[in-house]
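Welcome! Here is a short guided briefing for anyone meeting this structure for the first time. Take a look at the model, then follow the notes below it.

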Amino acid sequence: MPKIVVKVCIHCEKCKQDVFKAVTKLTGINQLSLDGEKGLLTVIGTVDSVEVVERIRDKTKKRADLVTVGPVEAPKPPEPAKPDPVPDCFQERCRHDCEFVGLAYGPPPVHGGWGDCTIL
């Protein structure tokens, strides 16, 4: 289905309603939107672009200029989230031949204080 964008002079809410009323009477419109600040009317459907412009000019007596006519853009799929980068310290291999050593903290030994630890 084609997407038609028309530039229309819109000054107030009444102007917006008049344009909507004029265009919605046409057959073959699937979606209709109007950006009042930019003055852009977007029509998606099988309706003729010249018919849209002529209808706005005839019924509302407003200036209407055809901006673009083209296919509807397919929505872009969201990009997959990238994993957090691994810090450089984990990407390098250790230069030493280290072995895994486990540490266990438990109740203080009878002969020592709280700062003692046991190496497994």
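Leaving out residues up to four places away in sequence, Val-53 touches Val-6, Ala-64 and Leu-66, where contact means heavy atoms within 4.5 Å. This is a predicted model, in which local features need pLDDT of at least 70 and side-chain atom pairs count only at pLDDT 80 or more, while totals for chains, interfaces and linings use all residues. Residues are numbered from 1 along each chain as its sequence is written, and side-chain values use heavy atoms, with hydrogens and water left out.

**Around Val-53**

- Val-53 lies in helix α2; helices (H or I, at least four residues) and strands (E, at least two) are DSSP runs, numbered from the N terminus.
- Val-53 counts as buried because its relative accessible area is 8%; buried means under 20%, exposed means over 50%, and partly exposed is in between (1.4 Å probe, protein chains only).
- Val-53 and Val-23 are 30 residues apart in sequence, and their C-alpha atoms are 8.9 Å apart in space.

**The chain as a whole**

- The protein chain holds 3 helices and 6 strands.
- Read from the N terminus, its elements follow the order β-α-β-β-α-β-α-β-β.
- The protein chain has 120 residues, of which 22% count as buried.
- If you take the contacts between residues at least 6 apart in sequence, 57% of them join residues at least 24 apart.
- About 9900 Å² of the protein chain is exposed, and carbon and sulfur atoms supply 55% of that area. Accessible areas come from the Shrake-Rupley method with a 1.4 Å probe, and for residues only the protein chains shown count as cover.

**Two more buried residues**

- Ile-10 sits in the loop between β1 (2-8) and α1 (13-24).
- With 16% relative accessibility, Ile-10 is classed as buried.
- Setting aside neighbours within four places in sequence, Ile-10 is in contact with Cys-15, Lys-16, Leu-34, Gly-36 and Gly-39.
- One of these partners, Gly-36, is 26 residues from Ile-10 along the chain, and the two C-alpha atoms are separated by 6.2 Å.
- Thr-42 belongs to strand β3, which covers residues 40-45.
- Thr-42 has 17% relative accessibility, so it counts as buried.
- Not counting residues up to four places away in sequence, Thr-42 touches Lys-3, Ile-4, Val-5, Gln-31, Leu-32 and Ser-33.

**Salt bridges**

- The whole structure has 3 salt bridges, each being a side-chain nitrogen of Lys or Arg within 4 Å of a carboxyl oxygen of Asp or Glu.
- Asp-18 pairs with Lys-14, and their closest N and O atoms are 3.2 Å apart.
- Both Asp-18 and Lys-14 lie in helix α1, 4 residues apart, which is about one turn of the helix.
- Asp-18 is partly exposed, with a relative accessible area of 28%.
- Arg-57, Arg-63 and Asp-65 are linked in a network of salt bridges.
- In this network, Asp-65 meets Arg-57 at 3.8 Å, N to O, and Asp-65 meets Arg-63 at 3.0 Å, N to O.
- Arg-57 is partly exposed at 40% relative accessible area, Asp-65 is partly exposed at 28%, and Arg-63 is exposed at 59%.

**Charged patches on the surface**

- Patches are made of residues with over 30% relative accessible area and no salt bridge; like charges are joined within 9 Å, and nonpolar side chains (Val, Leu, Ile, Met, Phe, Trp, Tyr) within 5 Å.
- Lys and Arg count as positive and Asp and Glu as negative, while His and the chain ends are not counted. The place of a charge is taken as NZ of Lys, CZ of Arg, CG of Asp or CD of Glu.
- Which residues gather in the patch of negative charge? They are Asp-48, Glu-51, Glu-54 and Asp-58.
- Glu-51 is located in helix α2, residues 49-60, and Glu-51 counts as partly exposed at 37% relative accessibility.
- A positive surface patch is formed by Lys-21, Lys-25, Lys-59 and Lys-61.
- Lys-61 is found in the loop between α2 and β4 (64-71), and Lys-61 counts as exposed at 68% relative accessibility.
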